[in-house]
Amino acid sequence: MDYEYLSRIRAEIEITSRRKTSNILEGEFTSIYRGRSLDFDDLREYTVGDNVRDIDWKSSSKAGKILVRRYIAEKKHNILFLMDSGKKFHADTDKGENKFDIASKILMVLTFLIDKHGDDSALMSFNRNGSKFTYFKTGTIHMQDMLKQYNDCINDYIGNDDEHKRVIANPFKRKKETDYYDDSFDISRLLEYAVDNIRRKMIIFIVTDRDGISKMSEGLLRKATVNNDIMVINIEDAMFTVDHAFDVENNSYVEEFFSLNKKLRKTELSQREEVMKNALEIFNRYMIGFTSVSKEDEIIDHIVELFERNNSENFS
């Protein structure tokens, strides 16, 4: 675990959250709790994004300020991190940073925020042998265990550490019978398993890439959002059609005939745009929060903004 990075994000998160909102987890994730069949606990002052149906007008009149009812279940959330894995996460982002490094630091930021808020959290990911799951717990030790488990999942796949290579995940690759690793586990199967087998209302963070997003069907997302809030964090992939591209899945450089081919580049750009266009339409339809990250210094601001949009129910 990178304690230097963690201590730095602690300071940055404090500054960012004070600037934008008093508590970025205070929005209660209202889509989980619509209907309010929960036990009333106490009152707190109204903040932008609260449901007007929760305003206690009688108490507000006495107090001289707008107060909203708070419910016991809202004070503690069940957070599930669905972390994409595989050989593709040894590739680079479109800004030249390692995808696994970005994913790990996203998880680090999220777990810190969850731990600070006292919520129970669990992690699901996968390696070449199948899916991996931690039980719902809270605390710093649990946070470290989740980070270690995700690190172990990624390191189960062979990567390439040559810093001079532009490492990409091949978007045109088709699975061959001779592929030595099992790619039958993917982010969509993890989500399907979680929805079918975990009997609790959850806030689900999905950390994936365009490939993972393209595999999550509308039917699966519709089912998943019936009882859960979902937020998707996309890690942008490097382009296949760039100079000195190294295909991490085939463990070889991409021939210049392909990497510098203008027609192929046009096709790749069109393919990437189509995936995101379709995904965003579905995300908006089912009120799924979404953001993209390409480099480390975007992580904190993009996550804080994602939380804010979710709390205000602004999913566009």
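These are my notebook entries on a predicted model of one protein chain.

**Entry 1. Overall**

I began with the chain as a whole. I counted 10 helices and 11 strands in the secondary structure. The chain has 316 residues, and 51% of them count as buried. I then looked at contacts with a separation of 6 or more: residues 24 or more positions apart account for 77% of these. The exposed area came out at about 15600 Å², with carbon and sulfur atoms supplying 47% of it.

**Entry 2. Strand β3**

I turned to β3, residues 78-83, and asked how many of its residues are buried. The count is 6 of 6, so I noted the strand as mostly covered, buried meaning under 20% relative accessible area. In a regular strand the side chains alternate between the two faces of the sheet. I therefore sorted the residues of β3 by side: N78, L80 and L82 lie on one side, I79, F81 and M83 on the other, and both sets are buried. Both faces of the strand are covered.

Next I looked up which strands pair with β3. One is β4, residues 120-127, which pairs with β3 in the parallel sense over 5 bridges. In that pairing L80 stands opposite A122. β7, residues 203-208, also pairs with β3 in the parallel sense, over 5 bridges. There I found F81 opposite F205.

**Entry 3. Salt bridges**

I listed the salt bridges and got 15. I followed three of them.

K88 and D209 came up with their side chains at 3.0 Å, N to O. K88 sits in the loop between β3 and α3 (99-117), and D209 in the loop between β7 and α6 (210-215), so the salt bridge ties together parts that are 121 residues apart in sequence. I checked burial for this pair: K88 is buried, and D209 is buried too.

I also asked which residues share a network with K88 and D209. The network of salt bridges links D84, K88, K99, D209, D211, K215 and D237.

The side chains of R285 and E218 meet at 2.7 Å, N to O, in another salt bridge. R285 belongs to α9 (residues 262-285) and E218 to α7 (residues 218-224), and the pair links distant parts of the chain, 67 residues apart. I looked up the cover on each partner: R285 is partly exposed at 47% relative accessibility, and E218 is partly exposed at 27%.

The third salt bridge joins E281 and K277, with the closest N and O atoms 3.3 Å apart. Both residues lie in α9, and because they are 4 residues apart they are separated by about one helical turn. E281 is partly exposed, with a relative accessible area of 38%. K277 is partly exposed as well, at 48%.

**Entry 4. Helix α4**

I checked the length of α4, residues 140-155, against what its residue count predicts. At 1.5 Å a residue, its 16 residues should span 22 Å, and I found the end C-alpha atoms 23 Å apart, which agrees.

I then asked which residues of α4 are buried. They are H142, M143, M146, L147, Y150, C153 and I154. They cover an arc of only 140° around the axis, so they lie on the same side of α4. An α-helix has 3.6 residues a turn, so residues three or four places apart point the same way. On the face turned away from the buried side I found the exposed residues I141 and K148.

**Entry 5. Helix α5**

I did the same for α5, residues 187-197, where I187, S188, L190, L191, A194 and V195 are buried. Their arc around the axis is only 160°, which puts them on the same side of α5. What do the buried residues of α5 pack against? I found β3, β4, β5 (130-133), β7, α6 and α7. β3, the strand of Entry 2, is thus one of the elements that the buried residues of α5 pack against.

**Entry 6. E308**

Last, I looked up E308, which lies in helix α10, residues 299-311. E308 is partly exposed, with a relative accessible area of 24%. I also took the C-alpha separation between E308 and G289, which is 9.8 Å. These two residues are 19 residues apart along the chain.

Conventions: Residues are numbered from 1 along each chain as its sequence is written. This is a predicted model: local features need pLDDT of at least 70, side-chain atom pairs count only at pLDDT 80 or more; totals for chains, interfaces and linings use all residues. Side-chain values use heavy atoms; hydrogens and water are left out. Buried means under 20% relative accessible area, exposed over 50%, partly exposed in between (1.4 Å probe, protein chains only). Contact means heavy atoms within 4.5 Å. Accessible areas come from the Shrake-Rupley method with a 1.4 Å probe; for residues, only the protein chains shown count as cover. Two strands pair if DSSP finds at least two bridges between them. A salt bridge is a side-chain nitrogen of Lys or Arg within 4 Å of a carboxyl oxygen of Asp or Glu. The expected span of a helix is 1.5 Å times one less than its number of residues. The arc is that of the directions from the helix axis to the C-beta atoms.
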